[in-house]
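Dear colleague,

Please find below the structure that I am handing over to you, together with its sequence. My notes on what was found in it follow directly after.

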Amino acid sequence: MTIQIDQLIDSDEREGDNMKVVVRVIRGREAGKSFELLRLPAVIGRGSDCDVRLSDDIDRPTISRHHATLAWIEDQLLLIDHSTNGTEVNGRWIENGESVVIDSSEVVRVGQDTWLGIQVVTPGEEKATIAVRRRKGIPEPEPKSPSKPLRGDLFDQLCEMQTLEKAWKRVKLNRGGPGVDGVTIEDFAADADRNLRQLERELRSGRYQPMPMRVFAVPKPSGGIRRISILTVRDRIVNHALLSTLTPLFEPIFAPCSFAYRPGRSSHDAIRKALSLIRSGSEWALDADIASFFDTMSHSRLIEILSDVIKEERIMQIIKRWLSVAGTGPGIGIPQGAPSSPLFANAYLNEFDWHMLNQGYNLVRYADDFVCLERSRAQAQKALLEAEGYLREKLSLKLKPEKTRIISLSAGFTFLGFRFDLSGASPAQEAYESLARKLADVPAQDPRRKQIQRGWEQYFGPLKDDKIPALPDERRRFIELFQGRQDVQARQWINQKGKIGYSPINKPITDDDLREHLAGDITLALYMHRNDNTVRFTVIDVDG
């Protein structure tokens, strides 16, 4: 989404709301510092002229001078990125020129380790975030016990036009193709108000019925098939509405050892937790991965777990209907691309998380990938038996044998892209190899090389050039000989009836793609006509 300067609305031009925006540093050099923004647009960065001025490392700054802007645009609060290194908003990265809608409260990361809480506050508002509660001196709410179900009129909240409008704004920003009904984002937007009102009526009357997903089967590099599922626009809206309605219920009862798909948590938090356990004396690790987690989740078990918390049958009826069309098989599986799937995944594994913690194991979980860091080999082996048994008996899940092992910290293991050993954590060799493949696709003088390196450093830290391996000669030669259109590729797909075709993918062919193509794991094609109206090779078909 490209923002024009004349779209930015000064806060004084907004009629009747008198809203202000509060930005608080919740982690970083200036943790606890807050800014009340009574007028927008407002600039965030390390420059002396910024409205939200943040300090950073002088020698190696990762926050840009003018990093991002907060602005009202068409009655939405948007964060617009202007930075070199990008900005993370609730786990989603946006880059220079991109924007994202800020709802009533969001957690944003700028630079290497500065986290901001951003909240829209209206006069007399009581529903403040924890950060704003502390600033105002409002007592913190008591933490919810996992055994106490949460109640409330969720259904009305889900069906409110305000909830559906916010969900629609997220769907519109995320873009995406049409579902089985063929309705595009542009089609829905042409009469969005009427479409949202119709959706509200269907939800309230109980007539809402999600549609089957548009499913593609794409070969996986490691073998097997990956399902790509596309929901209809209206079903994506309901999914986002479910996510925003249910997250406040589940977040307080989620175990502290889970770090994926959660507001204010990230893979870096999981890495820091693992490091703290190693430094406290853990010398053995259970390194494990749940096999086909999203594809094999039991619908009946998921419904039981959700029903323990959600005490409104009308909400559960919507979820049950969605599961009936979203499964990867009879009674199992949820699509990874659906907005509500990450929440349901964490809910499904929450009992496992608490069980392992209550048994005394040092669990750190990120989605379906987890480690238990223990002081002895025997304890790590007990953790493996406990985890295998609970997942199998209680959740109908299995561990992936080829990715599950007991390992000494002296030998080291890889988790979330980092190599862990007794000395700490450093980027894994696979991370350097991945970077080398990405750089191999970009000419030496292309400014995108710096962007790729900065993105890598944003996650892994300072780059050591001597660690980057050389690209194999045969793939480099292949790239030199067969050059087509640079910004798009064609990829073969196979539908459920076995029909084969090709679809354009709007991204350049990477070395990873090429390696998989040459190995026969996927089938790619080039568009020969390059962006500069030239072709670099000719194909001749000779019939005998």
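Phe413 counts as buried because its relative accessibility is 0%, a value under the 20% limit for that class. Phe420 also has a relative accessibility of 0% and therefore counts as buried. These two residues form an aromatic pair of the stacked kind, with 5.3 Å from centre to centre and 10° between the planes. Please bear in mind throughout that this is a predicted model.

A second aromatic pair is formed by Phe418 and Phe460. Here the arrangement is tilted, with the ring centres 5.1 Å apart and an angle of 40° between the planes. The pair links distant parts of the chain: Phe418 belongs to strand S19 (residues 418-421), Phe460 belongs to helix H14 (residues 448-460), and 42 residues separate them. Phe418 and Phe460 are both buried. They also take part in one aromatic cluster, in which Tyr432, Trp456 and Tyr459 join them. Over the whole structure, the search finds 14 aromatic pairs.

Turning to the protein in general, the model contains 16 helices and 23 strands. The protein has 544 residues, of which 45% count as buried. The exposed area is about 27400 Å², and carbon and sulfur atoms supply 49% of that area. As for contacts between residues at least 6 apart in sequence, 61% of them join residues at least 24 apart.

The interior was also searched for cavities. The count comes to one cavity of 30 Å³ or more, and the largest cavity has a volume of about 30 Å³. Its lining consists of Tyr208, Pro210, Val238, Asn239, Leu242, Ile318 and Trp322. Two elements give two or more residues to this lining, namely helix H6 (233-250) and helix H10 (313-326). Helix H6 provides the largest share, with three residues. By residue class, the lining of the largest cavity divides into six nonpolar residues, one polar residue and no charged residue.

Should you wish to follow these points in the structure, I would suggest taking the two aromatic pairs described above, Phe413 with Phe420 and Phe418 with Phe460, and then turning to the residues that line the largest cavity, including Asn239 and Trp322.

With kind regards

Definitions and conventions:
Residues are numbered from 1 along each chain as its sequence is written. This is a predicted model: local features need pLDDT of at least 70, side-chain atom pairs count only at pLDDT 80 or more; totals for chains, interfaces and linings use all residues. Side-chain values use heavy atoms; hydrogens and water are left out. On a 1 Å grid over the protein atoms alone, a cavity is a set of points where a 1.4 Å probe fits but cannot get out, and a pocket is an open set with protein on both sides within 12 Å along at least five of seven lines; lining residues have an atom within 4 Å of a point. Grid points are joined across faces, edges and corners, and a volume is the space filled by probe spheres set on the points. Helices (H or I, at least four residues) and strands (E, at least two) are DSSP runs, numbered from the N terminus. Ala, Val, Leu, Ile, Met, Phe, Trp, Tyr, Cys and Pro count as nonpolar, Asp, Glu, Lys and Arg as charged, and the others, Gly among them, as polar. Buried means under 20% relative accessible area, exposed over 50%, partly exposed in between (1.4 Å probe, protein chains only). Contact means heavy atoms within 4.5 Å. Accessible areas come from the Shrake-Rupley method with a 1.4 Å probe; for residues, only the protein chains shown count as cover. Rings of Phe, Tyr and Trp (its six-membered ring) pair if their centres lie within 6.5 Å; planes under 30 degrees apart count as stacked, over 60 as edge-to-face and the rest as tilted.
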